[in-house]
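Hi,

Here is the structure I said I would pass on. Have a look at it first, and my notes come straight after.

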Amino acid sequence: MGNFWKLIISIAVAQAAGIIGSFFTTPAIPNWYANLARPEFTPPSWVFAPVWTALFLFMGIALFLVWKKYPDSITEKIGSFFNHSKRKIKIAIIIFAVQLILNILWSIIFFGLQSPGWAFIEIIFLWLTIIITIFTFAKISKTAAWLLVPYLLWVSFAAFLNYSIYALN
């Protein structure tokens, strides 16, 4: 598969996670989230969609940078047999997929189930998995790892916001 298609698929997969999460988020905003006590530092609701869209774009590009290192040709496959890069890339992609699933799960728990307490516990696992993803990606592509840093920072902020909402409610 060519790199162009790997890029398109990588971005589409990451953005799909955002779209799936929005199915649980969007209906809960006017009916539930708007009525919660929130801390002063809560961003306006309109900020979340563009931030998440950009973060999912970065995540998709990071995934692509790792996936494109996967050996496609016979020569690359023979070379990877000796340095185990194929296995390392598969593991990195699996870890990425786990954090993507945890990202969706947070939206389901926080907005769908309307449970900030359980969502806070879940976001800790998400945060740890993002850290693991960054370190795993760094072994394959430093650029891919750096593209996930804004995501880690935003999820760190989101975790603090999540805890604050839980504490206030």
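Below is what I found, going from the overall layout to the helix pairs and then the pocket.

First off, keep in mind that this is a predicted model. The protein has seven helices and zero strands, so to speak an α-α-α-α-α-α-α pattern when you read along the sequence. If you want a feel for the extent, the C-alpha atoms fill a box of roughly 60 × 25 × 25 Å along the principal axes.

Now the helix pairs, starting with the N-terminal end. Helix 1 packs against helix 2 at an angle of about 150°, and their axes are 8 Å apart. Angles over 145 degrees count as roughly antiparallel, which is why helix 1 is roughly antiparallel to helix 2. Their crossing is right-handed. On the helix 1 side, the contact includes Asn3, Lys6, Leu7, Ile9 and Ser10; on the helix 2 side, Phe56, Leu57, Met59, Phe64 and Trp67 are among the residues involved. By class, that contact has 13 nonpolar, seven polar and one charged residues.

Helix 1 also packs against helix 4, this time at an angle of about 5° with the axes 8 Å apart. That angle makes helix 1 roughly parallel to helix 4. Helix 1 brings Val13, Ala14, Ala17, Ile20, Gly21, Phe24, Thr25, Ala28 and Ile29 to the contact, and helix 4 answers with Leu100, Ile104, Ser107, Ile108, Phe111 and Gly112. The class split here is 11 nonpolar, four polar and no charged.

Further along the chain, helix 5 (residues 116–138) and helix 7 (residues 149–168) pack at about 165°, with their axes 9 Å apart. Helix 5 is therefore roughly antiparallel to helix 7, and the crossing of these two is left-handed. From helix 5, the contact residues include Pro116, Phe120, Trp127 and Ile134. From helix 7, they include Val149, Tyr151, Asn162, Tyr163 and Tyr166. In this contact I get 18 nonpolar, three polar and no charged residues.

Then there is the pocket, which may be the part you open up first. How much space lies in the largest pocket? About 650 Å³. It is lined by 29 residues, and Thr25, Phe48, Ala49, Trp52 and Phe111 lie nearest its centre. Two of those names will look familiar: Thr25 and Phe111 are also part of the contact between helix 1 and helix 4.

Which helices supply at least two residues each to the lining of the largest pocket? Helix 1 (3–31), helix 2 (45–67), helix 4 (85–112), helix 5 and helix 7 do. Helix 1 gives the most, with nine residues. As for the character of the lining, the residues divide into 18 nonpolar, 11 polar and no charged.

That's the lot from my side.

Cheers

Notes
Residues numbered from 1 in each chain as written. Predicted model: local features only at pLDDT ≥ 70, side-chain atom pairs only at ≥ 80, totals over all residues. Heavy atoms only, no water. Axes fitted to C-alpha atoms, helices over the stretch in contact; angles between N-to-C directions. Helix = DSSP H or I, 4+ residues; strand = E, 2+ residues; numbered from the N terminus. Parallel < 35°, antiparallel > 145°, perpendicular 65-115°, else oblique. Left-handed = near helix turned anticlockwise from the far one by under 90°. Contact = heavy atoms within 4.5 Å. Nonpolar A, V, L, I, M, F, W, Y, C, P; charged D, E, K, R; others polar. 1 Å grid on protein atoms, 1.4 Å probe; cavity = no way out; pocket = protein on both sides within 12 Å on 5 of 7 lines; lining within 4 Å. Points joined across faces, edges and corners; volume = space filled by probe spheres on them.
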